Amino acid sequence: MAEVPPRCPDCGIGMDEMTLSASGYNLKFVSEEDREGILGSLGAKQKFGVNAYVCSECGLSRLYADLDE
C-alpha cells in the first residue's frame, strides 16, 4: 500500500491502519489468476496480503490488497 494512508471519502481525514483478525488466521485475497512458475502450473492461485484502514471519525473500513507482496 502507499506510504501515505488513504483519506476517508466521507470525512476527508486520514484513515488509521489496523490489523484485521479472523480467529488467528491471516486474511488473504485470492486471485483467479494462476501463480507464476511451477506452482502456477500445478494450479496454485496468486495470493495477496490485506491492508486494513479505518476512519476514526465515522468508522468507515477499507481493505486493500498488498499487490507488492
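What pattern does the chain follow when read along the sequence? The answer is β-β-α-β-β, made up of one helix and four strands. Keep in mind while looking at the structure that this is a predicted model.

**Confidence and overall numbers**

How far the prediction backs itself is a fair place to start. The chain has a mean pLDDT of 77, and 61% of its residues reach 70 or more. Element by element, strand β1 (residues 16–18) has the highest mean, at 88, while helix α1 (residues 37–41) has the lowest, at 62. So read the helix with that in mind: its mean of 62 is under the 70 that local features need here.

Of the 69 residues in the chain, 19% are buried. The accessible surface adds up to about 5300 Å², with 49% of that belonging to carbon and sulfur atoms. As for contacts between residues at least 6 apart in sequence, 42% join residues at least 24 apart.

**Along strand β3**

Strand β3 covers residues 45–54, and several of its residues are worth a stop. Lys-47 sits in this strand, and so does Phe-48. Gly-49 is another β3 residue, as is Tyr-53.

How do they fare for burial? Lys-47 counts as exposed, because its relative accessibility is 54% and the cut-off for exposed is over 50%. Phe-48, next along, is buried, with a relative accessible area of 16%. Gly-49 is buried too, at 6% relative accessibility, and Tyr-53 is buried with a value of 3%. Those three values fall under the 20% cut-off, which is why the residues count as buried.

Each of the residues at 47, 48 and 49 can also be set against a residue further along the sequence. The table gives the C-alpha to C-alpha distances.

| Residue pair | Apart in sequence | C-alpha to C-alpha |
|---|---|---|
| Lys-47 and Asp-66 | 19 residues | 9.3 Å |
| Phe-48 and Ala-65 | 17 residues | 5.8 Å |
| Gly-49 and Tyr-64 | 15 residues | 8.4 Å |

**The aromatic pair**

Tyr-64 turns up again in the ring geometry. How many aromatic pairs does the count come to? The count is one aromatic pair, formed by Tyr-53 and Tyr-64. Their ring centres are 5.9 Å apart, with 80 degrees between the planes, and the arrangement is edge-to-face. The label follows from the angle, because edge-to-face applies over 60 degrees and this pair has 80.

Tyr-53 belongs to strand β3 and Tyr-64 to strand β4 (residues 61–66), so the pair ties together parts that are eleven residues apart in sequence. The two partners can be told apart by burial: Tyr-53 is buried at 3%, whereas Tyr-64 counts as partly exposed at 22% relative accessibility.

**Two cysteines without a bond**

How many disulfides does the count come to? Zero. Cys-11 is in no disulfide, and the nearest cysteine sulfur to it is that of Cys-58, 3.7 Å away. The reverse holds as well: Cys-58 is in no disulfide, and its nearest cysteine sulfur is that of Cys-11 at 3.7 Å. Why doesn't that pair qualify as a disulfide? A disulfide needs the sulfur atoms within 2.5 Å, and these are 3.7 Å apart, so the pair is not counted.

Both cysteines are partly exposed, Cys-11 at 32% relative accessibility and Cys-58 with a relative accessible area of 41%.

**Asp-10, beside Cys-11 in sequence**

Asp-10 is found in the segment before β1. Is this residue buried or exposed? Asp-10 counts as exposed, with 60% relative accessibility. Leaving aside residues up to four places away in sequence, Asp-10 touches Cys-58 and Leu-60. Cys-58 is thus a contact of Asp-10 as well as the cysteine whose sulfur is nearest to that of Cys-11. Asp-10 can also be placed against Cys-55: the two are 45 residues apart along the chain, and their C-alpha atoms are separated by 9.2 Å.

Terms used: Residues are numbered from 1 along each chain as its sequence is written. This is a predicted model: local features need pLDDT of at least 70, side-chain atom pairs count only at pLDDT 80 or more; totals for chains, interfaces and linings use all residues. Side-chain values use heavy atoms; hydrogens and water are left out. Helices (H or I, at least four residues) and strands (E, at least two) are DSSP runs, numbered from the N terminus. Buried means under 20% relative accessible area, exposed over 50%, partly exposed in between (1.4 Å probe, protein chains only). Rings of Phe, Tyr and Trp (its six-membered ring) pair if their centres lie within 6.5 Å; planes under 30 degrees apart count as stacked, over 60 as edge-to-face and the rest as tilted. Contact means heavy atoms within 4.5 Å. Accessible areas come from the Shrake-Rupley method with a 1.4 Å probe; for residues, only the protein chains shown count as cover. pLDDT is the predictor's confidence in each residue, from 0 to 100.
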